[in-house]
Amino acid sequence: MSDAYITDSVPQNYLHTHTNNQNDQLDVVALRNAAINRIRNGLRLGQLQMADWESGKLAVSAVPGAGKSTGMAAAAAIAIARQYEQSAKNLRNTRRQLVVVTFTRSAAANIKAKICKYLRDDLSLPQTGFVVNTLHGLALNIASRHPELSNLQLNEVTLITPNQSHRLIRNAVEQWIAYNPGHYMRLLEGVQFDGEETERLRRQSVLRTEVLPELATTVIHEAKSSGISVEDLRNMSRYIDDEYRILNVAAGLYEQYETIMKARDFIDYDDMILAALRVLEDPHACRIEQGQVFAVFEDEAQDSSPLQTRLLEILATEPTPRGGGVVNLIRVGDPNQAINSTFTPADPIYFREFCEECDGANRLATMDRAGRSSRIIIEAANFTLNWVNSFYGAKGKTRRGTINPVSTTPFRLQMIHTVDPDDPQKDANPPHVGRGLEICTPDDINHTVDLLSKRIVELFSPNPSKTRAAILVRENRQGKWLAEALAQVCKDNNIILYDAGERDRHSHVPSEILALLQFCDRPHSPDFLKAALDVLVKRQLIPTQDLNTLAAQPEDFLYPGPLAPDQSEPVQKAARLCRSLLQAKLALPLYQLISFIALALNYDQAELATADKLSERVTQQISSTNSMVSMLSVLSEIVSSERFEAVETENIEARYTRDGQLTIITMHKAKGLDWDYVFLPFLHENLIPGKFWIPPQAQFLGNFTLSEVARAQIRAALHGEDNIPTVTEAWEQSKYLKTAEEYRLLYVAITRAKRLLWMSAAKKAPFTWSKPENLQEQNPCPAFNALRRQFPQCIIDIAVSSRS
């Protein structure tokens, strides 16, 4: 994808060639119109509405598999062709272009290739006149062209992506505590506190390493992406009867974060959007930017935040002397595939409202015909949508007892329909394999693996090199367990097994090694000890236990005296492993420490290779100083700036959907992909819809989490509710929103399947997948039971299947 933003939408040679002779020009126009008609003839109704757009706003609500990226690419190419003609008639080079915005770099590369193909092969036009960007890339381009307005000097700032464990977040927490000791003590007291010293230390650890960093991370991102200032949060807090003053705490954390960011010349992704908006607030700069754009097309609009939407609407507005020109904006999305709103500021309500606004002006296009899946799979998806809306929709009532259909039902009422018989898509709505929908209830997760193995071998055996299948899981830990369980079966049957989560785990290598090295450097720090223990738990090297209790008094944990109470076996195991790390620090030269830690963490071959690469880089960078301090500094920079990931050399989506491959991937990552055969095991109620889990160590604050209460209160204010909800009301809203999003995630998973959808919920499964061996009775996902009742002909007889 080109980094250049401004391109000549009408090349000079085109103007000279096609305007010298009026008859030649008419011939070219006729030929181009014929080519446009050929493109239109290959489109469906919803796609045609995009292709026929000429100006103004247009909302496109597309069901899964409807071909929205193809429709957008065709519409973009036609719009660019029309802009060429308009510019040619005016005999001038307007330097105006189409801006296409999408969610990820891979999606941007994909849609750019499609637009180029239409321009080159169908319209015989130069592949210019447009730019494809991620939204943050677009914002950065605008901000960097006007540094005096954006206050963004790219050569002087560092882009970071702070997460809950980022040192900047931890520093903001510590500074807030230092400036607000009284407020901190109120949190420490919680619901009830007897003053016991050990409990006080444990609560301090929980607040400083879990509760407050999580609150800071959630609120900072939520507030900044919505244009909410520190003072706005404080004002909101004044209207809430809240003994903890949660939004006031959040405002203080936000303030400290911003202070540290400015002092260190750091920016985050939200700062890019804010910087671009500062540019567009200047009338002269705004006219310059608008004058370079004739329209904006946005993909995945359901994942936009309020400020992102505002940025695109300003940029898409026709520049006029008095402002208020026509907004040339197409937004394409599917609110029923909004699966990021409970952990990002993305909120599907805004795209729903945009659809309602356009519908009122007869500017809503609905792409409800999809050729991806067999009819039975479409029926299962539609049934799930209707059942969830009827079962859970009433729970979205506001406190006044009314229902807002735009925002409160989990799904927008939009059914998927099969395509017409003469649809241009090849193999549209393909015939199903087996029963098309197969529903199983195995005895336990091991029985699930047996049934999966048998069905996978059956499906791959006829033509293994042309078969594409995927197992979609809710958690990466499920995927890791399944990959190990299926490895031998796949090897014996020459089936390529690809665990998408394995690559993600490799990206954690630098942060894991940094955590252990920080502990080795300062073993008496409760924070560093807890971070190291957390890594050991995640790597399943020590049992899950209350880490706050262990970290509260590091010396007693690591080197208990003769009068100390006996340690349990899990605690002893953790202490032994920690002491071995400290001994290695004393015995080994600095350059060998990273490799030793990698071996201690039981890294696999690929992870060890990643660790070796990391070790080489760090050693090179500290060659002049060769100290632990410089090593930690270099590692911290690598982790915080995320500059260690390898450059992608192949299409990411192609890697997940190769022929002859069984892919294990999370439901979130599977969005936008499809396979012939999709398996959905482990559909249990504790995961879908699940519920917000309050860690036992944090329950001294009450039966809620501060971060989710704050998120719900901020969103209520943004949605224009009359009153900001109380803590109890906000917590209930958070639970409902999580339930709605989990069911949308299930809907996404169901609609990945083309010919066969296999679903199961074992009678016994782990409560937590960090301990898969601890099986207990688990209730199925309620939607799974509803599907069993609706499609009894699709239930697989386990006894017959096991014997055959």
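This tour moves through strands, aromatic pairs, cavities and backbone exceptions in a predicted model.

Residues are numbered from 1 along each chain as its sequence is written, and side-chain values use heavy atoms, with hydrogens and water left out. Because the model is predicted, local features need pLDDT of at least 70 and side-chain atom pairs count only at pLDDT 80 or more, whereas totals for chains, interfaces and linings use all residues.

**Stop 1: strands β7 and β3**

Select residues 329–333, strand β7; helices (H or I, at least four residues) and strands (E, at least two) are DSSP runs, numbered from the N terminus. Five of the five residues of β7 are buried, where buried means under 20% relative accessible area, exposed over 50% and partly exposed in between (1.4 Å probe, protein chains only). In a regular strand the side chains alternate between the two faces of the sheet. Leu329, Arg331 and Gly333 point one way from β7, and Ile330 and Val332 point the other way.

Add strand β1 (residues 57–62), which pairs with β7 in the parallel sense over five bridges; two strands pair if DSSP finds at least two bridges between them. Ala59 has Arg331 of β7 as its bridge partner. Next, show strand β6 (residues 293–298), which runs parallel to β7 and is joined to it by three bridges. Here Glu298 stands opposite Arg331.

Keep Arg331 selected and display Phe354: Arg331 lies over the face of that ring, at 5.0 Å from the ring centre. A charge sits over a ring if NZ of Lys or CZ of Arg is within 6 Å of the ring centre and within 35 degrees of the ring normal.

Move to strand β3 (residues 130–134), which is largely enclosed by the rest of the structure, because five of its five residues are buried. Phe130, Val132 and Thr134 lie on one side of β3, with Val131 and Asn133 on the other. Strand β2 (residues 97–102) runs parallel to β3 and is joined to it by five bridges; Leu98 stands opposite Phe130.

**Stop 2: aromatic pairs**

The whole structure contains 15 aromatic pairs. Rings of Phe, Tyr and Trp (its six-membered ring) pair if their centres lie within 6.5 Å; planes under 30 degrees apart count as stacked, over 60 as edge-to-face and the rest as tilted.

Select Tyr498 and Tyr656, a tilted pair with 6.1 Å centre to centre and 50° between the planes. Tyr498 lies in strand β11 (residues 496–499) and Tyr656 in helix α29 (residues 652–656), so the pair ties together parts that are 158 residues apart in sequence. Both tyrosines are buried.

Continue to Phe679 and Trp758, whose ring centres are 5.6 Å apart with planes at 55°, so this pair is also tilted. Phe679 belongs to strand β13 (residues 675–680) and Trp758 to strand β14 (residues 753–760), 79 residues apart. Phe679 and Trp758 are both buried.

Return to Tyr498 and add Arg658, whose charged end sits over the tyrosine ring, 5.9 Å from its centre. Then select Trp387, Phe391, Tyr392 and Tyr743, which ring pairs link into a cluster.

**Stop 3: cavities**

There are two cavities of 30 Å³ or more. On a 1 Å grid over the protein atoms alone, a cavity is a set of points where a 1.4 Å probe fits but cannot get out; lining residues have an atom within 4 Å of a point. Grid points are joined across faces, edges and corners, and a volume is the space filled by probe spheres set on the points.

For the largest cavity, of about 70 Å³, select Ser341, Thr342, Phe692, Glu708, Arg711, Ala712, Arg715, Ser734 and Leu737. Helix α31 (706–718) and helix α32 (727–750) each supply at least two of these residues, and the largest share, four residues, comes from α31.

The second largest cavity has a volume of about 50 Å³. Its lining is Pro64, Gly65, Ala370, Arg372, Ser373, Ile378, Ile416 and Thr751.

**Stop 4: backbone exceptions**

Most residues other than glycine have a negative phi, and most peptide bonds are trans. Select Ile688 and Pro689: the peptide bond between them is cis, with omega near 5°. Pro689 lies in the loop between β13 and α31.

Ser124 has a positive phi of about 50°. This residue lies in the loop between α5 (105–122) and β3, and is exposed, with a relative accessible area of 58%.

Finish at Asp427, where phi is near 55°. Asp427 lies in the loop between α17 (375–392) and β9 (437–440) and is partly exposed at 45% relative accessibility.

Key. 1 Å grid on protein atoms, 1.4 Å probe; cavity = no way out; pocket = protein on both sides within 12 Å on 5 of 7 lines; lining within 4 Å.
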